[in-house]
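This briefing is for a reader meeting the structure for the first time. Please look over the sequence and the model before reading the points underneath.

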Amino acid sequence: KILIGSILAAYLAMKWTAPSFHPESLKGARVLVTGASSGIGEQMAYHYARFGAQIVITARREKVLQQVSFKCLSLGAQKALYIPADMANESDPDRVVDFALEKLGGLDYLVLNHIGPTTFGMWEGDVEHTRWLMKVNFLSYIQMAWRALPSLEQSKGSLVVVSSLLGKMPNPFTLPYSSTKFALNGFFGSLYHELAMKKSNVSISICTLGLIDTDSAMDKVRGVTNIPAYPATEAALNIIITGATRQLDLYYPWFTQVITLIKDWSPSITNYFIQNSYNYIP
Ligand code: NDP
């Protein structure tokens, strides 16, 4: 009871002290969203559009990006441009940031969200896939962040990194993906300290998400687990608000934060639940 009481008190205190969000602050904001051709990134593009932002979106599929950008304009975006890019390619992360800086005249928000497709199943030693996924999900993030930092510094901008509960808590079936998310948390958590010590103008937000109902995620977990999935559009809005209010952390849904606390207090119980939340017969 004491444990549950303290968790609830901590959660409520956090909610009450959260800075308030002013949607008008996003009107005309210059935003680059990666992985915006589908899932949470696509939903973020639509929210930014409704707030009247100027948006650049990127992913690999040009036709889909074109459709998303048309929809953004119809929803109220001041600008909606797109640039196809493959984040496994070493020069594409810089090329995308340069495009956004040139077309928008600077950046207020860099929202790093893309992920490469990955397997869902027992680790079978595919080192090459893990190396490739590290490039897409991790190295391209740090490359884009570094390229955009001078402009974000000038605009008192924000760097928003979309991560996962699987970047804080090891789970079965997603070893390469989980490794890339742990790397992101380590890098951007450390960069947060360096920017604070340098009294930088740039805020960093690291978003820890639980299971979200995007097509790519649901295709993987269907029939394998009964963990509840939360709506992509709501996850997207929460990420945007966290960036706009310059908060370091987002936990969505809220109980992902409780899970990260419990795992350190009670590892054996947590491990039992993790291993039993997947259908697996050896
Ligand atoms: P999706 O699979 O729906 O979207 C991934 C996006 O990345 C697509 O726009 C895809 O477009 C793009 N992409 C894929 N490969 C590349 C590449 N090589 N280069 C550039 N872009 C690429 O992902 P979600 O919306 O489900 O996830 C979004 C974020 O949320 C991720 O960071 C994920 O880790 C995080 N998250 C999601 C959870 C979930 O349950 N859905 C849970 C926890 C975290 P294209 O194919 O056109 O390139």
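The points below cover the ligand, its surroundings and one pair of helices.

The model is predicted. In it, 31 residues surround the ligand, and the protein covers 93% of the 890 Å² of accessible area that the ligand has on its own.

**Residues around the ligand**
- R60, R61, Y177, T214 and S216 come nearest to the ligand among the 31 residues around it.
- By type, the shell holds 15 nonpolar residues, twelve polar ones and four charged ones.

**Polar contacts with the backbone**
- A polar backbone atom of N113 lies 2.8 Å from an oxygen atom of the ligand.
- For I212, a polar backbone atom is likewise found 2.8 Å from a ligand oxygen atom.
- A nitrogen atom of the ligand is 3.4 Å from a polar backbone atom of I115.

**Elements that supply the shell**
- Four helices and one strand each give at least two residues to the shell: helix 2 (39–50), helix 5 (127–155), helix 6 (175–197), helix 7 (215–221) and strand 5 (158–164).
- Strand 5 provides the largest share of the shell, with three residues.

**Helix 4 and helix 5**
- Two packed helices are described by the angle between their axes and the distance between the axes.
- The axes of helix 4 (residues 92–104) and helix 5 come within 8 Å and cross at roughly 30 degrees.
- Because angles under 35 degrees count as roughly parallel, helix 4 is roughly parallel to helix 5.
- The crossing of helix 4 past helix 5 is right-handed.

Key: Residues are numbered from 1 along each chain as its sequence is written. This is a predicted model: local features need pLDDT of at least 70, side-chain atom pairs count only at pLDDT 80 or more; totals for chains, interfaces and linings use all residues. Side-chain values use heavy atoms; hydrogens and water are left out. A residue is near a molecule or strand if one of its heavy atoms lies within 4 Å of it. A polar contact is a pair of N or O atoms within 3.5 Å; within protein, one must be able to donate a hydrogen and the other to accept it, and residues adjacent in sequence count only if both atoms are side-chain atoms. Accessible areas come from the Shrake-Rupley method with a 1.4 Å probe; for residues, only the protein chains shown count as cover. Ala, Val, Leu, Ile, Met, Phe, Trp, Tyr, Cys and Pro count as nonpolar, Asp, Glu, Lys and Arg as charged, and the others, Gly among them, as polar. Axes are lines fitted to C-alpha atoms, for helices over the stretch in contact, and angles run from 0 to 180 degrees between N-to-C directions. Angles under 35 degrees count as roughly parallel, over 145 as roughly antiparallel, 65 to 115 as roughly perpendicular and the rest as oblique. A crossing is left-handed if the near helix is turned anticlockwise from the far one by less than a right angle, and right-handed if clockwise.
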